[in-house]
Amino acid sequence: MSDPIQKDLNEQQAAAVMHGRGPLMVLAGAGSGKTRVVTRRIARLLREGVRGSEILAMTFTNKAAGEMAHRVQDLGGPFVRIATFHSACARFLRADAALLGYPEHFTIYDTYDRDSAIRSLLEDLGLDRLKVKPSAVGSTISRLKNTCMSPQDLATGSSDLARVVEQVWQPYRDRMKQLGAMDFDDLLLNFLKLLREHPDTAEQYRARFSWILVDEFQDTNRVQYDLLRELAPKDGNVCVVGDPDQSIYGFRGAEIRNILDFEDDYPGTTVVRLEQNYRSTAVILRAAETVIANNKQRKHKRLRTDNEEGQPLYLFRAAGAAEEAQTIADRIHGLLGEDVSLDEIAIFYRTHWLSRSIEQALKDKGIPYEILGGLSFFERREIKDLLAYLRVLVNPLDDVSMERVINVPTRGIGKSSVDKLKRAGHEAGMSLREAVGEPSLHAIVPPKARKALQQLAAVLDKAQAATASLGAHGALAAILEGTDYLNHATSLGDPEDIAREENIQELVSDVTAFDEKNEEGLGGYLQHVSLLTSQDRAQDDGPRVQMMTVHAAKGLEFDHVFLVGLDEGVFPSMRSVDTEDGIEEERRLMYVAITRGRRTVFCSSAKERMINGQTDRMQPSRFWKELPKDCVQAYESKWHSFEQEPDSGEAWSVDPDPGLEATVAIQRGLRVRHDLFGNGVVRSVSGRGGSMRAVVRFLDGVERELILEYAGLKVVDHGADW
DNA sequence: CCCGGTAAACTTTTT
DNA sequence: GTTTACCGGG
């Protein structure tokens, strides 16, 4: 068959691709060609005359969305916009924001901004000083929103947190509206609200999107499900694709129920099961299936494969994290010798902090690697500062952003001045930005601050004018020039100066590139970047070993997979072991991790691990024991008599007194030696006793701040002339 | 108001 | 080990 759309499809895949009208649910097991089915189905619809604008396809990550759009084009289709739930809602909301009393260019707050807003709210309400953290309040509110609950549903009165949440709940909503801001959850909730309160508008959306497709359906939460029901009537042309065994986002409100009960909610649903795995060896698949079979809440599904048996899963139980890391680095080195490409190797872990020891081992062996996730480009301080300036230009109501930068770079407008100005502005019905631009309100602050405010207002006005005439990059240039921010961020005298300069340059290029490709201006740019995540910036520096959390690994596949930290209390995580549901979700995570591997899977655990500064004894994970015996084999480490790492604690635990002596002797100008970083010179010393620390400049030119008690510095000599 | 120093908390997982 | 928040002197 030469038709590219039907080429090489098995019977079930073809059924899903060719299905006509009416609800369709595709239960796609791991590695069963899900993406292929989705993209071909879209391509097929387009070929049969459906216009791209009639299709609403939603995924959970920008990466998945981009990949799908790309593959549809490869099949000869036109460009179709495939969006994440959040970006689709943001776009729709922008068009109809006025209906909800929001400005068109509302600001999207990330978790950090949200917590800033809550912190300021707690202060205003006099609820600070209770030791409730804004982030705890923020995440509780988020959880409630995602599950369509209200504070009354919390176990009432039992905790300070519950009480604070109850008191902040409504004020937070009011404040966000006043700020012209929405958090991630609001994007979904407010769009749902829009559809429900404006039936005519809802009808327009239903008429506009006659074909709806949702990927990773097992990860939808209640709000997303309700949105779908608003957009797609019971007999609508809605196609959902997912795998209940890969539902791993329960913590942010995802309900597997949505996929388990889809057939009940959409009567007459056609169900297609993709049960042929094309990805992994038979051994890997059998191991994964055996583990997941321990879950009780499952939809019946059984994966088959015609692939070869393959190598057993290697199990390695290390003495500690250092041995675990070095053994993995060692084995990767071996794989590279067998002509395996670096980017076909991936290392997965349950939490980010497990990556540290691995990172060190790879660095030592000179193996190139890349860590996905963690701090994203747009979460860096200097970038957030500049974006805050830009946000204020587009949305003058955004006090959180204005407050962030009103004294950055420091210009003599301290906290008390800001508070005064805020209050005065508030009484006059003005936002902070407006108060900054209102000279009559400046009298209440000291002369120095007054002058600074006038200058700041001038810079903002100038940047605003530049936005209109030159677009987003003009605005950024005006801010950079008016505030001297580049100089401020790159003269702190620490080693990050260079990185910050590069980041700012990159932001400039990014903004400029956006202006060249888009007509949406600064507002469009800000909305665009608000929804980007750390996964979305693919830097192409040649092939590298990929390191990421198991969550981030979903949807990806690699020839060789390393799964580290299979310790009870780490994976499954300590917080999950209390409940059956928690354990089942962790087990699904395990299933996701194993099924990423095409050829080999290597699992490791450690007998002891440093957690929160103290070394704990670890038991192997229960999932480790659930792996079938006939699929596993103990890994023979090359390290027959493993050499204890110098930094593994023995240096000072065996003989702490001499170490302490040495720390007392550390002083500025001394040449010292660190076990990991090598030789360096002490630049400054601070603190005393147990928290005494020193800034040391090492031979690689990097200055590091070290806690003397832990660092185990040794004095080399008195090379004073550095 | 700013900066340096000191102490404490911190580690799920993400749009 | 790292990062951030708070406190007190200049």
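Mentor: A definition to begin with: a helix is a DSSP run of H or I with at least four residues, a strand is a DSSP run of E with at least two, and both are numbered from the N terminus. Please keep in mind that this is a predicted model.

Trainee: Thanks! How many helices and strands are there in chain A?

Mentor: Chain A has 722 residues, and 53% of them are buried. Counting the elements along this chain gives 30 helices and 24 strands.

Trainee: What share of the contacts in chain A with a separation of 6 or more comes from residues 24 or more positions apart?

Mentor: Here we look at contacts in chain A whose partners have a separation of 6 or more. Among these, the share from residues 24 or more positions apart is 73%.

Trainee: And how much of the area that chain A exposes do carbon and sulfur atoms supply?

Mentor: Chain A exposes about 33,400 Å². The part of this area supplied by carbon and sulfur atoms is 48%.

Trainee: Let's turn to the sheet. Which are the edge strands?

Mentor: Follow the order of the 6 strands in this open sheet, which is E3-E2-E6-E7-E1-E8, with parallel pairing. An edge strand pairs on one side only, which fits residues 82-84 and residues 270-274. Neighbouring strands of the sheet are turned by 20° against each other on average, direction ignored. The strands at the edges are E3 and E8.

Trainee: Which residue in E7 stands opposite Met25?

Mentor: Strand E1 covers residues 24-28 and strand E7 covers residues 238-242; the two pair in the parallel sense over 4 bridges. Opposite Met25 in E7 stands Val240.

Trainee: What angle does the direction of helix H3 make with that of E3?

Mentor: Helix H3 spans residues 62-74 and packs on the sheet, where it touches strand E2 (55-59) as well as E3. The direction of H3 and that of E3 make an angle of about 175°.

Trainee: Now the pockets. Which element gives the most to the lining of the second largest pocket?

Mentor: The second largest pocket has a volume of about 1,100 Å³. Its lining has 29 residues, and those nearest the centre are Asn62, Arg81, Phe514, His528 and Leu532. At least two lining residues come from each of H3, E3, helix H4 (85-96), helix H23 (496-517) and helix H24 (521-530). The element that gives the most, with 6 residues, is H3.

Trainee: Which element gives the most to the lining of the largest cavity?

Mentor: The structure holds 3 cavities of 30 Å³ or more, and the largest cavity has a volume of about 120 Å³. Its lining includes Arg94, His105, Arg391 and Gln527. Strand E4 (107-109), helix H16 (381-394) and H24 each bring at least two lining residues. With 4 residues, the element that gives the most is H24.

Trainee: Is Glu289 buried or exposed?

Mentor: Glu289 has its place in helix H13, residues 282-292. Leaving out residues up to four places away in sequence, Glu289 touches Lys301, Arg302, Leu303 and Tyr591. The relative accessible area of Glu289 is 6%, and the cut-off for a buried residue is under 20%; therefore Glu289 is buried.

Trainee: What about Glu216: is this residue buried or exposed?

Mentor: Glu216 sits in the loop between strand E6 (211-214) and helix H10 (222-231). The phi of Glu216 is near 50°, a positive value in a residue other than glycine. Because its relative accessible area is 13%, Glu216 counts as buried.

Trainee: And Asp339, buried or exposed?

Mentor: Asp339 also has a positive phi in a residue other than glycine, near 70°. Its place is in the loop between helix H14 (321-337) and strand E12 (345-349). The cut-off for exposed is over 50%, so with a relative accessibility of 74% Asp339 is exposed.

Trainee: What is omega for the cis peptide bond from Val408 to Pro409?

Mentor: Pro409 lies in the loop between helix H17 (399-405) and helix H18 (415-427). The peptide bond that leads to Pro409 from Val408 is cis, with omega near -5°.

Trainee: Last one: which residue does a cis peptide bond join to Phe571?

Mentor: Look in the loop between strand E15 (558-563) and helix H26 (580-595). The cis bond there has an omega of about 5°, and the residue joined to Phe571 is Pro572.

Methods. Residues are numbered from 1 along each chain as its sequence is written. Chains are lettered from A and ligands numbered from 1 in the order in which they are written. This is a predicted model: local features need pLDDT of at least 70, side-chain atom pairs count only at pLDDT 80 or more; totals for chains, interfaces and linings use all residues. Side-chain values use heavy atoms; hydrogens and water are left out. Two strands pair if DSSP finds at least two bridges between them. Axes are lines fitted to C-alpha atoms, for helices over the stretch in contact, and angles run from 0 to 180 degrees between N-to-C directions. Contact means heavy atoms within 4.5 Å. Buried means under 20% relative accessible area, exposed over 50%, partly exposed in between (1.4 Å probe, protein chains only). Accessible areas come from the Shrake-Rupley method with a 1.4 Å probe; for residues, only the protein chains shown count as cover. On a 1 Å grid over the protein atoms alone, a cavity is a set of points where a 1.4 Å probe fits but cannot get out, and a pocket is an open set with protein on both sides within 12 Å along at least five of seven lines; lining residues have an atom within 4 Å of a point. Grid points are joined across faces, edges and corners, and a volume is the space filled by probe spheres set on the points.
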